[in-house]
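The exercises below are meant to be worked through with the sequence and the structure side by side. Please try each task before reading its solution.

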Amino acid sequence: MDPVFMAQVMVRLLPPLGLTMLISVTALAIATPLGLALGAFRAEARPGHWAARLIDAWVFFVRGTPILVQIFAIYFLLPKAGLDVPLFWMGVIALVFNSAGYQIEIGRAAVQSVHKGQWEAATALGFDRPATLRQFILPQAARRMMGPVMNELSQLIKASSVLSIITLFELHKAAEAIISANLRFSEVLVVEGFLYFVFIYGISLIAGLMERQMASSGGLASSR
Amino acid sequence: MSFDWGTFAEYGPRMLRAAGVTVQVSVLSLGLACLFAPPLATARLIGPRPLRWLVQAFVEVVRGVPPLVVIAFVYFALPRVGLVLSGFWTGVAALTVVGTVYAVEILRAAIESLGRGQLEAALALGFPRWRAYLELLLPQALRRILPPLTNELANVIKASALLSVISVHEITQVGNALIFETFVVVEILVQMTLLYLVIVGSVTVLSRRLERSLAA
């Protein structure tokens, strides 16, 4: 272990770390509202509705296949469909597709966890179902989603490393490039692992705190 | 351009063999993880303090980095310490590391879910702590972890796709190679997906069955 080399590696890995964070946060910012909306729809839809089936198929596919296969599918199929998407957005699409599959379930559980009395009270006050959902249920559900969603962010940071395979120059790809240029693996992997660990562990600590806070006000347990 | 079912007959056998590798790698890894997890969880819960910290640090670090980093580390580090393994066994080693820390967490959660009452009752009856742990808590916890452990098998199967980067000939690696060999994209992606859905799906069904039969 050569501390000077490690410091150099650290400096060179900071911009790719920025990309890792940017792509994870972008994906989260799209996937969370999507998950809440579709999850709420799924909780409300009557069983057998075609859109509910479609959502179930999405969740089933995302949970039943490795993220690498989902990334390949997007990487190969988008150009085949004639869409010329830049690599960064391909990565975002892949992460959103994957993460929303999990967050639909989080959103659904959050909506269903809101007490029935809230629905009844709103109905008694003359609100119809969509208005109740929008004005009373969703804001509470969104609050309860916070803990699991923070967890999802650390999952996304981990998942974004897989985007290295479609040559997106994020943290893991950058580390691989330094390894093959210098033929030194231990220092590079230790620095890379340290960078991932600080963020992922930090975020999961915050998620745990938020969940405990929510639990005291009737929140959700962790999803994964 | 239409969907060519003939590719299923043509590449099916290779994909099925790859599916066999995926299952073998995953089952072997989780099996080994199940051997390592009980002693580690024991050390984590009732070991001497430095050992407890060491195990916890190991668990947190492996959970806090992407599995790809663990795979890369094992891939580079094993030959460095004189262990030159085939791609397959390197893959097993890497997934065992990942599987072990999750199994330790599952076991720890199961033991802690048993509640303090049992431990206190045993201590009150004069059992030493380690005997209460080994003879009372651990056997009960081992029964409880079966459903989450099958769930973890599904996760290990999905993580095994990452072994394609160290050229283990599992579903993703073989499928990807076939795509570049033949330029048949859609049909091969569908085959990969179906294989994973069948394997992961049956593991999930098994997990739910176990959960119900243990709850009864």
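**Exercise 1. The nonpolar core**

Which residues of the largest nonpolar core touch the most other members?

*Solution.* Keep in mind throughout that this is a predicted model. The largest nonpolar core has 119 residues, and those that touch the most other members are A:I71, B:V70, B:I71 and B:L107. As a next step, ask which element gives the core its largest share: this is helix α4 of chain B, residues 87-113, which contributes 14 residues. Finally, take B:V70 and leave aside its neighbours within four places in sequence; what remains is contact with B:V62, B:V65, B:A94, B:V97 and B:V98.

**Exercise 2. The two chains in outline**

Describe each chain by its secondary structure, its extent and its buried share.

*Solution.* Begin with chain A, which has 8 helices and 0 strands, so that the order of its elements from the N terminus reads α-α-α-α-α-α-α-α. Its C-alpha atoms fill a box of roughly 70 × 45 × 25 Å along the principal axes, and of its 224 residues 42% are buried. Among the contacts in chain A with a separation of 6 or more, 81% join residues that are 24 or more positions apart.

Then turn to chain B, in which there are 9 helices and 0 strands, following one another along the sequence as α-α-α-α-α-α-α-α-α. The C-alpha trace of chain B spans about 75 × 50 × 20 Å along its principal axes, and 41% of its 216 residues count as buried. For chain B, residues 24 or more positions apart account for 77% of the contacts with a separation of 6 or more.

**Exercise 3. How α4(B) is packed by two other helices**

Work out how α3(B) and α2(B) each cross α4(B), and name the residues that make the contacts.

*Solution.* Two packed helices are described by the angle between their axes and the distance between the axes. For α3(B) and α4(B), the axes come within 9 Å and cross at roughly 130°. An angle over 115 but not over 145 degrees falls outside the perpendicular and antiparallel ranges, and these two helices are therefore oblique to each other. Their crossing is right-handed. On the side of α3(B), the residues that meet α4(B) are B:P67, B:V70, B:I71, B:V74, B:Y75 and B:L78, while α4(B) presents B:T90, B:A93, B:A94, B:V97 and B:V98. Sorted by class, this contact has 10 nonpolar, 1 polar and no charged residues.

For α2(B) and α4(B), the axes come within 9 Å and cross at roughly 120°, and this pair is therefore oblique as well. The crossing of α2(B) with α4(B) is left-handed. Here B:F58, B:V59, B:V62 and B:R63 of α2(B) are in contact with B:V97, B:V98, B:V101, B:V104 and B:E105 of α4(B). By class, the contact of α2(B) with α4(B) has 7 nonpolar, no polar and 2 charged residues.

**Exercise 4. Where the chains meet**

How many residues of chain B are in contact with chain A, and which elements of chain B take part?

*Solution.* Counting first, 26 residues of chain B are in contact with 22 residues of chain A. The elements of chain B that give two or more residues to this side are α2 (49-64), α3 (67-80), α8 (171-182) and α9 (186-215). Of these, α9(B) provides the largest share, with 7 residues. As the last step, sort the side of chain B that touches chain A by class, which gives 18 nonpolar, 6 polar and 2 charged residues.

**Exercise 5. Covered and uncovered places in chain A**

Is A:L38 buried or exposed, and how many residues of α5(A) are buried?

*Solution.* Start by placing A:L38, which lies in helix α1 of chain A, residues 3-44. There are 24 other C-beta atoms within 10 Å of A:L38; the cut-off for a buried residue is 20 or more, and A:L38 is therefore buried. Not counting residues up to four places away in sequence, A:L38 touches A:I55, A:I104 and A:G107. One of these, A:I55, is 17 residues from A:L38 along the chain, and their C-alpha atoms are separated by 7.5 Å.

Next, look at helix α5 of chain A, residues 116-124, which is hardly covered: among its 9 residues the count of buried residues is 0. Just after α5(A), A:G126 takes a positive phi of about 95°.

Definitions and conventions:
Residues numbered from 1 in each chain as written. Chains lettered and ligands numbered in written order. Predicted model: local features only at pLDDT ≥ 70, side-chain atom pairs only at ≥ 80, totals over all residues. Buried ≥ 20, exposed ≤ 12 C-beta atoms within 10 Å, placed from the backbone. Helix = DSSP H or I, 4+ residues; strand = E, 2+ residues; numbered from the N terminus. Contact = placed C-beta atoms within 7 Å. Nonpolar A, V, L, I, M, F, W, Y, C, P; charged D, E, K, R; others polar. Core = buried A, V, L, I, M, F, W, Y, C linked by C-beta atoms within 7 Å. Axes fitted to C-alpha atoms, helices over the stretch in contact; angles between N-to-C directions. Parallel < 35°, antiparallel > 145°, perpendicular 65-115°, else oblique. Left-handed = near helix turned anticlockwise from the far one by under 90°.
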